[in-house]
Amino acid sequence: MTLLGQRERTQVRDHLAKRMDGAVTVRLFTQLASPLTAPTVQCETCRDTEQLLRELTELSDRLRLEVRDLVADADEARRLGVEHIPTIVLEGKNAGVLRYVGVPAGYEFAVLLEDLGDVSRGSTGLTAATRERLASLPGPVEVKVLVTPT
Amino acid sequence: MAVESAQVTAEVIEVAEFPLIAQRYQVYGVPKVVINDRVSFEGALPEPSFVERVVEGASGRTGP
C-alpha cells in the first residue's frame, strides 16, 4: 500500500520537475532493525517516514535517499545536530543545516517540497534586506519551528 | 534562511509526535518559533519582523 495517491504522485512529480535544479540528498535518521540490538523504545513513525521518503525520492532523478541509524551512525547524527527519530536532513546547495523532526505529513510535506526546490537551487525568495541582515548575524542561530499535523 | 546562511540551522518539529518537546517549549499555539532557545513567538510574522527576532536570538539581546 502506498502512502502517496496517484494524483499526489503526479502533482509532486510535476512540482519537482519545475522546481528542482541541482541534486539533493534526503538523509533520514531512523531506527534500523538489527539482529544485535533490541531497542527498548519502538519508533512508531519511522517506518511511515521511510516509506513516504522512498515514494517521494522516486519522483525525481535529482533526489537521493540515504537512510541512517541514530545509534550506529551516532557521530554523523551528532555532527548534523540530530537528536530524535525520525529526523530528515536535506543536503544540496544550502549553506546552513535544515532538519525535519517527525513524519512530514500534511502542511509539513508542502514545506518539505518547497525546501527541496530551494535547497536544490541554493536560493530562496528572501528579500535583499533580509540577506543583508543574515550576512551580519553576530553568531550561529538555531531556529526551531514547532508545528502540529494539519 | 538556513538555505542561504551558514550561520542558520533550521529545524521543523512536528510536536504531536513529541509531547516532551511541546512541553519543554510550552507550545500552546502553532506555529511557535524558538530561536537559540532564547527568543520565541507564536503565529506568523512578516519577513522583516521574523528576521529581527532571529538577529535578537543570535546576539542575546532582547528588544526594548
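The following dialogue explains how to read several features of a predicted model with chains A and B.

Visitor: How is the predictor's confidence in chain B and in the complex expressed?

Guide: Where pLDDT is low, the predicted coordinates should not be read in detail. In this model, chain B has a mean pLDDT of 90, and 92% of its residues reach 70 or more. For the complex, the predictor gives an ipTM of 0.91 and a pTM of 0.91.

Visitor: Which elements make up chain B, and in what order do they run?

Guide: Chain B contains 2 helices and 3 strands. Read from the N terminus, these elements follow the order β-α-β-β-α. The C-alpha atoms of chain B fill a box of roughly 30 × 30 × 20 Å along the principal axes. Of its 64 residues, 39% count as buried.

Visitor: How many residues does each chain bring to the contact between the chains?

Guide: Chain A brings 40 residues and chain B brings 36 residues. On the side of chain A that touches chain B, strand S4 (97-101), helix H4 (107-121), helix H5 (128-135) and strand S5 (141-147) each supply at least two residues. The largest share, 7 residues, comes from S5(A). By residue type, this side of chain A divides into 20 nonpolar, 13 polar and 7 charged residues.

Visitor: Which strand of chain B is joined to S5(A), and in which sense do the two run?

Guide: In a regular strand the side chains alternate between the two faces of the sheet. Here, S5(A) is joined by 4 bridges to strand S2 (residues 32-35) of chain B, and the two run antiparallel. Within this pairing, Val143(A) stands opposite Ile35(B). S2(B) also pairs with strand S3 (residues 39-42) of chain B, in the antiparallel sense and over 4 bridges. In that pairing Ile35(B) stands opposite Val39(B).

Visitor: Which residues have a positive phi, and where do they lie?

Guide: Most residues other than glycine have a negative phi, and most peptide bonds are trans. One residue to examine is Asn36(B), with a positive phi near 50°. Asn36(B) belongs to the hairpin of S2(B) and S3(B), which has 3 residues between the strands. Asn36(B) is partly exposed because 19 other C-beta atoms lie within 10 Å, whereas a buried residue needs 20 or more. Gln26(B) also has a positive phi, of about 50°, and its place is in the loop between H1 and S2 of chain B. With 10 other C-beta atoms within 10 Å, Gln26(B) is exposed.

Visitor: Which peptide bonds are cis?

Guide: In chain A, the bond that joins Ile85(A) and Pro86(A) is cis, with omega about 0°. Pro86(A) lies in the loop between helix H3 (74-79) and S3 of chain A. In chain B, the bond from Val30(B) to Pro31(B) is cis, with omega near -5°. Pro31(B) is found in the loop between helix H1 (19-24) and S2 of chain B.

Visitor: Where do the buried residues of H2(A) sit around the helix axis?

Guide: The span of the helix may be checked beforehand. At 1.5 Å a residue, the 12 residues of helix H2 (residues 46-57) of chain A should span 16 Å, and the end C-alpha atoms are indeed 16 Å apart. The buried residues of H2(A) are Cys46(A), Thr49(A), Leu52(A), Leu53(A), Leu56(A) and Thr57(A). These residues lie on the same side of H2(A), because they cover an arc of only 130° around the axis. They pack against helix H1 (6-19), strand S1 (24-30), strand S2 (63-69) and strand S3 (87-91) of chain A.

Notes. Residues numbered from 1 in each chain as written. Chains lettered and ligands numbered in written order. Predicted model: local features only at pLDDT ≥ 70, side-chain atom pairs only at ≥ 80, totals over all residues. Contact = placed C-beta atoms within 7 Å. Nonpolar A, V, L, I, M, F, W, Y, C, P; charged D, E, K, R; others polar. Pairing = 2+ DSSP bridges. pLDDT = per-residue confidence, 0-100. Buried ≥ 20, exposed ≤ 12 C-beta atoms within 10 Å, placed from the backbone. Expected span 1.5 Å × (residues − 1). Arc of directions from axis to C-beta.
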